[in-house]
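Me: I'm new to this structure and I'd like a close look at a single part. Could you walk me through it slowly?

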Amino acid sequence: MNTYLVPLTSACTLITLNYVAVKIRSKMLIDSHEQALAPMLTGLASIVMMLVPFPASLGFIDLRSLPIFMAGIRYGFASALLSTLLPTIATLLFTDGNPWLLIGQELLIPAVLAAFFHNQEYRSGFMDIPIKHALQLSISGLVLRCISQLAFGSVLTLPFLANQLLITGIIFATFAIILIMINDENRNWRLQRELELQANQDGLTKLPNLRSFLPIAANLLRKRNIAILMIDLDNFKQYNDFYGHLAGDQLLRDISSLLRHHIDEQDYLARYGGEEFILLSAETNPARLTVYAKSLCDKVAETFSQHDQSDQPKAIPITISIGMAISPNTSVELKKVISEADQALYASKHGGKNRATLFTIRPLQQKMNA
């Protein structure tokens, strides 16, 4: 009975180590350094499996290959190969006879085999790792051990095969439990991400909401000058009253989609509230920013010039007005820049709509007082 306690104890130890690693990763304590730490921790786990070799009667060494299998499936060939470095050194130092056989059979070949099952989505956590991979690799290990036995002139006796099947079963069960733990943690992570996305996304337009926009804009403003564009959909109340709220909601979706596809790649668009949008732009040259904003106005007017929701004449033009403000330096508060862009938007609305106005104190005061 004691003969079989050793592999079971090793399996429980490996499951515990994996549980600790999963919890550490979920707390994001190593997430930013995972590329370097994953091979090192995998290698250490493999060495731990080497510390208590199985009884000779089982005809098997230990579970050192199991962490390598996990690294190959989850992180790919490069990470799995790096994971073999520490256990390879330990094998060379502490193994009598021919250590290279063990290195090839229990470390290098598992790294290659597991890499065939790797998917980039496994590493990111966006896809569960199928349990069938545990069975496939466990059977591959069994086949390798049988081939090795035959290659060295030994006979595949019934007791040997029975022991190998038992060890394969232990390996598969351990492998499966580890995958279940990882998949469960990934599902929790995906659920958390989904809840965070819902909290930071506007439900109607699917754009980021103001809550998520403000910290991003404030962080960028601390590093460099920015421009804020306040964008308002003209005549939206009349449109809602004439066509109904469902049509108004669809129009907001259409406008948000159009803006999202025509803003500069590095810019960040969010829904400010109601029929207003807010745009964070990296363009801080006044002339180029004005041309940029005017092009957005023209694109909306052109796209919706034939827009009609009824048999009535197109009496409600679909256009946008934009107010722009450029931060003078990185020490200015974000709310001040937004306030200036809002004042410029007010001037655009009162200046005839379907236009863009850049915040400059004197001209704006003249327009707003007119």
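Me: Please take helix 11 and its packing against helix 12 as the part to look at, then tell me about the other pairs of side chains.

Reply: Sure, and keep in mind that this is a predicted model. To get your bearings, the chain has 15 helices and five strands. It runs to 370 residues, and 42% of them count as buried. Take the contacts between residues at least 6 apart in sequence: 71% of these join residues at least 24 apart.

Now to your helix. Helix 11 covers residues 236-243, and helix 12 covers residues 245-262. Just ahead of helix 11 there's a loop that comes from strand 1 (227-233), and Asn235 is found in that loop. Have a look at the backbone there: Asn235 has a positive phi of about 60°, although it is not a glycine. Asn235 is also buried, because its relative accessibility is 16% and the cut-off for buried is under 20%.

How do the two helices sit against each other? Their axes are 6 Å apart, and the packing angle is about 135°. That angle makes helix 11 oblique to helix 12. On the helix 11 side, the residues that meet helix 12 are Phe236, Tyr239, Asn240 and Tyr243. On the helix 12 side, they are His245, Ala247, Gly248, Leu251 and Leu252. Sort the residues of this contact by type and you get six nonpolar, three polar and no charged.

Some of those names come up again when you look at rings. Tyr239, Phe242 and Tyr243 are linked into a cluster by ring pairs. Within it, Phe242 and Tyr243 form an edge-to-face pair, with 4.8 Å from centre to centre and 85° between the planes. What about their exposure? Tyr243 counts as buried, at 17% relative accessibility, whereas Phe242 is partly exposed at 43%. So Tyr243 has a part in the ring cluster and also in the contact with helix 12.

Helix 11 has a charged pair as well. The side chains of Lys237 and Asp241 meet in a salt bridge, with 3.0 Å from N to O. Why can these two be about one helical turn apart? They are four residues apart in helix 11, and that spacing corresponds to about one turn. Lys237 and Asp241 are both exposed. As a general point, side chains of opposite charge can pair when their charged atoms come close.

On to the other pairs, starting with the charged ones. The count comes to eleven salt bridges. One of them has a spacing you've just met: Lys294 and Asp298 lie in helix 13 (residues 286-303), four residues apart, about one turn of the helix. Their closest N and O atoms are 2.8 Å apart. Lys294 is partly exposed, with a relative accessible area of 37%, and Asp298 is partly exposed too, at 36%.

Another salt bridge joins Glu333 and Lys335, and here the closest N and O atoms are 3.7 Å apart. Glu333 is partly exposed, with a relative accessible area of 47%, while Lys335 is exposed at 62%. There's also a network of salt bridges, which links Asp128, Arg187 and Arg190.

Back to rings for a moment. The structure holds five aromatic pairs. One of them is Phe126 with Trp189: the ring centres are 5.0 Å apart and the planes are at 70°, so the pair is edge-to-face. This pair links distant parts of the chain, since its two residues are 63 residues apart. Phe126 is in the loop between helix 7 (120-124) and helix 8 (132-151), and Trp189 is in helix 9 (residues 158-200). Both rings belong to partly exposed residues: Phe126 has 46% relative accessibility, and Trp189 has a relative accessible area of 29%.

One last stop, for comparison with Asn235. Lys206 is found in the loop between helix 9 and helix 10 (210-221). Its phi is near 65°, a positive value in a residue other than glycine. Lys206 counts as partly exposed, at 48% relative accessibility, whereas Asn235 counts as buried.

Note on methods:
Residues numbered from 1 in each chain as written. Predicted model: local features only at pLDDT ≥ 70, side-chain atom pairs only at ≥ 80, totals over all residues. Heavy atoms only, no water. Phe/Tyr/Trp six-rings, centres within 6.5 Å; stacked < 30°, edge-to-face > 60°. Buried < 20%, exposed > 50% of the residue type's maximum accessible area, 1.4 Å probe, protein only. Axes fitted to C-alpha atoms, helices over the stretch in contact; angles between N-to-C directions. Parallel < 35°, antiparallel > 145°, perpendicular 65-115°, else oblique. Contact = heavy atoms within 4.5 Å. Nonpolar A, V, L, I, M, F, W, Y, C, P; charged D, E, K, R; others polar. Salt bridge = Lys/Arg side-chain N within 4 Å of Asp/Glu carboxyl O.
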